[in-house]
Amino acid sequence: MQLKGKVAVVTGAGRGIGAATAKLLAQEGVKVVLASRTRSELERVADEISHEGGEALTVPTDVRSVAQVKAMFAAASELGRVEILINNAGVAIRKRLIDTDEKEFDNIMATNVKGVFLCCREALRSGMLERGGIIVNVSSGMGKMGFPELSAYCASKFAVLGLTEALAYEVSPKVKVYAVCPGGTDTAMYRSLYPEDDFSKLRSPEEVASAIVALCKGEVKLDYGSCLEVY
Ligand SMILES: NC(=O)c1ccc[n+]([C@@H]2O[C@H](COP(=O)([O-])OP(=O)(O)OC[C@H]3O[C@@H](n4cnc5c(N)ncnc54)[C@H](OP(=O)(O)O)[C@@H]3O)[C@@H](O)[C@H]2O)c1
């Protein structure tokens, strides 16, 4: 599928996998809406995109907030109708379940699960359901297998796969819904979780971005609602 001229919302676009995905989409001629909380990071990514001749709109957004997600989609419509949604924003903590407090658990679920729900719902309500589009939800290898000290994060990423599969049954083929499950990727998140690791062995955020963009272009054949593993 030709992506040139389409409008994409990328959440968590300020750094890591989201920033790499936004930049790669922009290189394909996509107009990208960059959404995360830290304005300075979004502006840096937008500058990089515009220096390369691409188009980007920064909309500081907390995906946990219904009002902010609504406002972000309203702002996005200034670029045209949103046909691509990349739900990438996410947070993680590494703690044994016994040491995890309720606020930490709630924050992971609110960001990683409710944030995906809110953005999918707003995209569909803003016209994607009628006119079609593609949604890619970033889960994780930890959405398929439990890992010690990551119970809240694993629970949230398993939930993203369930949401993706269920939504695909509701809206495909008009709206194509997929998940991507990356393995360890060299980003701020990974480095903060596993500071003791050898980062040179990790895949780059650009590698995951390539898989996401390949899905958007229809270059990867995948059943609706299923997950592309990037291990
Ligand atoms: N790195 C890995 O090894 C790996 C592996 C598998 C899956 N993943 C998943 O890939 C996605 C991207 O992770 P990453 O490794 O690139 O992490 P990262 O570098 O920490 O980037 C996370 C992005 O999400 C944004 N974000 C966090 N909370 C948000 C909120 N409430 N509202 C809006 N944006 C929010 C952050 O910006 P602000 O803090 O400024 O809001 C940031 O832009 C996540 O869903 C993660 O779970 C990562």
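A polar contact is a pair of N or O atoms within 3.5 Å of each other. Keep that cut-off in mind as we walk through this structure, which is a predicted model.

Let's start at the ligand. One of its oxygen atoms is 3.3 Å from an N or O atom in the side chain of R15, so this pair falls within the 3.5 Å cut-off for a polar contact. The side chain of Y153 also has an N or O atom facing a ligand oxygen, here at 2.5 Å. For the side chain of K157, the distance from an N or O atom to an oxygen of the ligand is 2.9 Å. How much of the ligand's accessible area does the protein cover? On its own the ligand has 880 Å² of such area, and the protein covers 96% of it.

Now widen the view to the shell of residues around the ligand. There are 30 residues in it, and those that come nearest are R37, T38, Y153, T185 and T187. Sorted by class, the shell holds 10 nonpolar, 15 polar and 5 charged residues. Three helices each supply at least two residues of this shell: helix 1 (16-27), helix 5 (151-171) and helix 6 (188-193). Helix 6 gives the most, with 3 residues.

Next, think about the space itself. The ligand takes up the space of the largest pocket, and about 940 Å³ of space lies in that pocket. Its lining is made of 44 residues, and the closest to the pocket's centre are G90, V91, Y153, T187 and M189. You have met Y153 and T187 already, among the residues that come nearest to the ligand. Two or more lining residues come from each of helix 1, helix 4 (102-131), helix 5 and helix 6. Again helix 6 stands out, giving the largest share of the pocket lining with 5 residues. By class, the lining has 19 nonpolar, 19 polar and 6 charged residues.

Finally, let's look for enclosed space. How many cavities of 30 Å³ or more are there? The count comes to 1, and about 30 Å³ of space lies in the largest cavity. Its lining consists of V66, V69, K70, L118, R121 and E122. Helix 3 (66-76) and helix 4 each give two or more residues to this lining. Helix 4 is a familiar name here, as it also contributes to the lining of the largest pocket. The cavity lining has 3 nonpolar and 3 charged residues, with no polar ones.

Key:
Residues numbered from 1 in each chain as written. Predicted model: local features only at pLDDT ≥ 70, side-chain atom pairs only at ≥ 80, totals over all residues. Heavy atoms only, no water. Near = heavy atom within 4 Å. Polar contact = N/O pair within 3.5 Å; in protein donor to acceptor, adjacent residues only side chain to side chain. Areas by Shrake-Rupley, 256 points an atom, 1.4 Å probe, with all protein chains shown as cover. 1 Å grid on protein atoms, 1.4 Å probe; cavity = no way out; pocket = protein on both sides within 12 Å on 5 of 7 lines; lining within 4 Å. Sits in = over half its atoms within 2 Å of the grid points. Helix = DSSP H or I, 4+ residues; strand = E, 2+ residues; numbered from the N terminus. Nonpolar A, V, L, I, M, F, W, Y, C, P; charged D, E, K, R; others polar. Points joined across faces, edges and corners; volume = space filled by probe spheres on them.
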